[in-house]
Every structure is written in structure tokens, then in C-alpha cells.
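Trainee: I would like a close look at a single part of this model. Please take the disulfides and go through them one by one, with whatever surrounds them.

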Amino acid sequence: MGFWDVISDIVDAATPWSVAEAEAATTEPAQEEVIEQTKNETSEEESTESEATEATEEEAEAEEEEEEEEEEEEEDDEEEIVDPKDVLEEECRNSKQCAPAKHHYDECVERVTGASEGGPKEDCVEEFFHLAHCATSCAAPKLWSKLR
């Protein structure tokens, strides 16, 4: 086996798509007629079955709607659990203690949303973190007193 034979074997192994070896499936005319007849029979059966199932589907949908309404009423009756941390942080964000950080964040948001696209890209991540830090440090002592 020569050098070029080895190279051609490697190329043949690496490119399996170079030769299509699949054969097309052939069907006989008799088989095609049988297939068409079964399709026609199943479509007739489906049309009669679909009429019968439409009525049962409507009944099932009505039952599902009633069940959903009952579940919604049960959910309304239950109290929704609220995380006290989120409530306390929101109060602190709007308090006098975090007013400077909130002011800087709001100014930054206005500046970024009103900036033209040609200017330098700016975001308000730093201001947001200052506001978040202020809110968490304000809410932490209040939260611990509620959790105890």
C-alpha cells in the first residue's frame, strides 16, 4: 500500500458524505391503493368520532372552568405570605435615611434614559448598589427584631 493510498483512505474515512449509498424506497401500485383506501376509511371514522367527541369536550371544558373558579376562590381565601425583608427595604428606600442615594439613582436613571445614543454608554449600577446597600443596612435591625 502506497503513501497516496493511505491518504485517500483517510480522506474517505473523514468524509462519509462524499458518497450517497442509500436506495430510494419503492412501493408497488397495489400497496399505494391500499394505503389510499385506509386513509379514506380512517378519515370517515374520524369525522363521525369528532362529532361525538365535540359534545364531550364541551362538557369537559365546562367542568375545568368550574374547577378553576373553585381554586381561585380558595386562593383568595388564603392569606398571601409577604416577605418582611422586601417590605422593610421598600420602606427604607423611601425613607429620609436613604433619600440621598435614591436621589442620585433617580437622577442617573433620568440621565441615562434621556441620553443620545451617540454619547458614551453609561449605566446606573453603582448608584443602584448604593441605594440597595442603604436599604438593607436600614432594614436589617428592624428585620431581626421582627424575626425574633
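Mentor: What follows goes through the disulfides, then the salt bridges on the elements that carry them, and then a charged patch elsewhere on the chain.

The model is predicted. The secondary structure of the protein chain consists of five helices and zero strands, so the order along the sequence reads α-α-α-α-α. Of the 148 residues in the protein chain, 9% are buried.

The structure contains three disulfides. One of them is between C92 and C138, with an S to S distance of 2.3 Å. This pair ties together distant parts of the chain: C92 belongs to helix 3 (residues 84-93) and C138 to helix 5 (residues 125-147), 46 residues apart. The torsion about the S-S bond is -65°, and the link of C92 and C138 is left-handed. Both C92 and C138 are buried.

Another disulfide is formed by C98 and C134, whose sulfur atoms are 2.0 Å apart. C98 sits in the loop between helix 3 and helix 4 (99-114), while C134 is in helix 5; the two are 36 residues apart and link distant parts of the chain. This link, of C98 and C134, is left-handed as well, with -100° about the S-S bond. C98 has a relative accessible area of 0% and is therefore buried. C134 has a relative accessible area of 14%, and because buried means under 20%, C134 is also buried.

The remaining disulfide joins C108 to C124, S to S 2.1 Å. Here C108 lies in helix 4 and C124 in the loop between helix 4 and helix 5, 16 residues apart, and again the pair links distant parts of the chain. The torsion about the S-S bond of C108 and C124 is about -95°, so this disulfide is left-handed. C108 and C124 are buried. With the bonded cysteines of the protein chain numbered in sequence order, the pairing is 1-6, 2-5, 3-4.

Next come the salt bridges. The count is five salt bridges. In helix 3, K85 and E89 are four residues apart, about one turn of the helix, and their side chains meet in a salt bridge at 3.1 Å, N to O. K85 is partly exposed, with a relative accessible area of 35%, whereas E89 is buried, at 9%.

Helix 4 holds D106 and K102, four residues apart, about one turn of the helix. Their side chains form a salt bridge of 3.8 Å, N to O. D106 has a relative accessible area of 31% and is partly exposed; K102, at 28%, also counts as partly exposed.

E122 and R111 form a salt bridge through their side chains, 3.0 Å from N to O. This pair links distant parts of the chain, with E122 in the loop between helix 4 and helix 5 and R111 in helix 4, 11 residues apart. E122 counts as partly exposed at 41% relative accessibility, and R111 counts as partly exposed at 42%. Salt bridges with shared partners also join K85, E89, E90 and R93 into one network.

Last, the charged patch. A negative surface patch is made up of E58, E59, E61, E63, E64, E65, E66, E67, E68, E69, E70 and E71. One of its residues, E65, lies in helix 2 (residues 29-77).

Notes
Residues are numbered from 1 along each chain as its sequence is written. This is a predicted model: local features need pLDDT of at least 70, side-chain atom pairs count only at pLDDT 80 or more; totals for chains, interfaces and linings use all residues. Side-chain values use heavy atoms; hydrogens and water are left out. Patches are made of residues with over 30% relative accessible area and no salt bridge: like charges are joined within 9 Å, nonpolar side chains (Val, Leu, Ile, Met, Phe, Trp, Tyr) within 5 Å. Accessible areas come from the Shrake-Rupley method with a 1.4 Å probe; for residues, only the protein chains shown count as cover. A salt bridge is a side-chain nitrogen of Lys or Arg within 4 Å of a carboxyl oxygen of Asp or Glu. Lys and Arg count as positive and Asp and Glu as negative; His and the chain ends are not counted. The place of a charge is taken as NZ of Lys, CZ of Arg, CG of Asp or CD of Glu. A disulfide is a pair of cysteine sulfur atoms within 2.5 Å. Buried means under 20% relative accessible area, exposed over 50%, partly exposed in between (1.4 Å probe, protein chains only).
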